[in-house]
Amino acid sequence: MKITSDTVPYSWAITTVAEVGAVRLGRQRSPDQHTGKFATKYIRAANITAAGLDLSDVLEMDFTPAERDVFRLEPGDIVLAEASGSADQVGRSAIWRGEIPDCCFQNTVIRIRPHVVLSEYAWIVFRQMAESGAFAEAARGVGIQHLGAGRLAEMPFPLPPLAEQQRIVDEVSRRSAELDAAQAALNSARARTAEQDCLILEAAVTGALVETEAAIAAREGRSLETGSDLFKRTRANQDGSLFAGLDEVAPAVMPGWASPTVGQVGEVRLGRQRAPKFERGEHPTPYLRAANITVDGLDLSDILRMNFNPEERRIYELQPGDVLLTEASGSSAHVGRPAVWNGDIAGCCFQNTVIRFRPRACSSAYALLVFRHMAESGAFARAARGVGIQHLGASRFAALPFPLPPQPEQDRIVAEAETRLAASREQRRIVRASLARFHAMRREILAAAVAGRLVPQNSADETAMALLARLGSPLEAARLRPEPAGRENAVTKTPRRTARRPDSIRKLTAVLSEAGRAVPLPELFAAAGYDRDSAGDVERFYIALREEVGQKIEPASDARENAPVELKDAS
């Protein structure tokens, strides 16, 4: 809902930003202001983030003493990002609390020095303007979106009585603290579900999740086929070449279990190398790569193709039940992410960033539990090697120990683990849904705050109109005055060119016609005769550009910053 004088309480006023505080654009940055004689720290738009001020990377340039008087930040000032590559990021704001003494600000930042308004209340209003899209709607530009100090100064500002401003600030703080606490509790709950998953997986592969087959067989007085027996039977029933040279499997600590290696319970294979020579051919084939294996399973929304001849397809084609693992990652913690292939794409193969495990002596579902545990417990991370990119390696993976229970116990483990993991997933879904509502709840608090619906009014309060009449318009900080000729205040500079007269500004279409090509925005700005040191010229340039874009001028590329533009084809 648009806020007007008819929608706010009677004691409020709808005025402008310029009436509640002094608005100033920061100082232009240029090479001749880096002599070091008056080096001064300054903030720029990059220092203003959605989470507040980030002062980990504060730059310096020369500000003379006179300039410091004009551009120095004082505790309580509001700073806003004047420009961004994205319109919805324009107007990010924060309160300056004197974190850096004598700090100034660049012209990518707008400073508002509150006059008839509390800094904390003004910040609430500016945050609401950003959330509601008011700043994005006011921003102008091609590539880089500019809010403009002039446009900001004329934007409507809902002004409550001073006493009510404080009540609003206190109530927003109270409710925000409650939301912060609730959000922290939900994040903690979400973290606990991840820990719960790790415990479930650990219990599954250590024999602690269900009653062991050995215990059941003893109670029922029947013989037990152990994990070692299962391995031997599988070995006898399969092609002997798969098991050639493998030692007998070692017994495990759990009764009835065995401890073979990964390579003894299934076939391990690395995918086919991707190379330019395979980009074309008579047999284009879909294939999976590590990017298709996510923490939530397989993502098949982006499947690439390369040539696999019939013999290669026989070797690398995936079959339902294959377990796929990421072979490499920039982080060792992400190496070995597993997922089961269910045959969603006929004839699909796999690249060498993926390891395929084809189970022989275990089910795919049980192998998935084992590999998830290896990933979560750090076994894969410890086995990975590399500098920069961490590689698990098919041979290292095949040599890892694999806990193998009897087949009936595998089936019970899988059923119980899947039930518990499904419950854990549902808990996370509920927590995520709750967390997703927090942003809307914060927006609602801000919207209610600036519409007069958050706290009750008090008829004893001095009205906003009376407050404005009593304090008047804000006194603008002293304008930048000519510097004394004395050496103590002078900066040696390269003489600047004389600012051009307004009648010397050329039409943008004329400049482009004369160039006969696409022209980057900085070049077009200069060629048209605008002054880079004039904030007014910057704004006039973008107004002229906006009027012509889509009519006679169009962008020549998809670049988001300083995109070249050209004349539209008249045909």
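## Overall make-up

The chain holds 19 helices and 28 strands. The model is predicted. Of the 571 residues in the chain, 45% are buried.

Sequence separation adds to this picture. Take the contacts in the chain with a separation of 6 or more. Residues 24 or more positions apart account for 76% of them.

## Helices α6 and α11

Two packed helices are described by the angle between their axes and the distance between the axes. Helix α6 covers residues 162-205, and helix α11 covers residues 364-377. Their axes come within 9 Å. They cross at roughly 125°. That angle makes α6 oblique to α11, because it falls neither in the range of 65 to 115 degrees nor over 145. The crossing of the two helices is left-handed.

Both helices supply named residues to this meeting. From α6 come D197, C198, L201, E202, A204 and V205. From α11 come Y366, L369, V370, R372, H373 and E376. By class, the contact has 7 nonpolar residues, 4 charged residues and 1 polar residue.

## S329 in strand β22

Strand β22 spans residues 328-329, and S329 lies in it. S329 has a relative accessible area of 14%. That value is under 20%, so S329 counts as buried.

The side chain of S329 reaches the backbone nitrogen of S331 at 3.2 Å. S329 also touches residues elsewhere in the sequence. Leaving out residues up to four places away, S329 touches H334 and V335. On the same basis, S329 touches G388, I389 and Q390.

## D57 in a loop

D57 sits in the loop between β5 and β6. Strand β5 covers 52-53, and β6 covers 59-62. Is D57 buried or partly exposed? D57 is partly exposed, with a relative accessible area of 42%. That class applies because the value lies between the 20% limit for buried and the 50% limit for exposed.

D57 touches R44 and N47, again not counting residues up to four places away in sequence. N47 is 10 residues from D57 in sequence. In space, the two are 7.5 Å apart, C-alpha to C-alpha.

## Two residues side by side

S329 is buried, whereas D57 is partly exposed. S329 lies in a strand, and D57 lies in a loop.

Notes:
Residues are numbered from 1 along each chain as its sequence is written. This is a predicted model: local features need pLDDT of at least 70, side-chain atom pairs count only at pLDDT 80 or more; totals for chains, interfaces and linings use all residues. Side-chain values use heavy atoms; hydrogens and water are left out. Axes are lines fitted to C-alpha atoms, for helices over the stretch in contact, and angles run from 0 to 180 degrees between N-to-C directions. Helices (H or I, at least four residues) and strands (E, at least two) are DSSP runs, numbered from the N terminus. Angles under 35 degrees count as roughly parallel, over 145 as roughly antiparallel, 65 to 115 as roughly perpendicular and the rest as oblique. A crossing is left-handed if the near helix is turned anticlockwise from the far one by less than a right angle, and right-handed if clockwise. Contact means heavy atoms within 4.5 Å. Ala, Val, Leu, Ile, Met, Phe, Trp, Tyr, Cys and Pro count as nonpolar, Asp, Glu, Lys and Arg as charged, and the others, Gly among them, as polar. Buried means under 20% relative accessible area, exposed over 50%, partly exposed in between (1.4 Å probe, protein chains only). A polar contact is a pair of N or O atoms within 3.5 Å; within protein, one must be able to donate a hydrogen and the other to accept it, and residues adjacent in sequence count only if both atoms are side-chain atoms.
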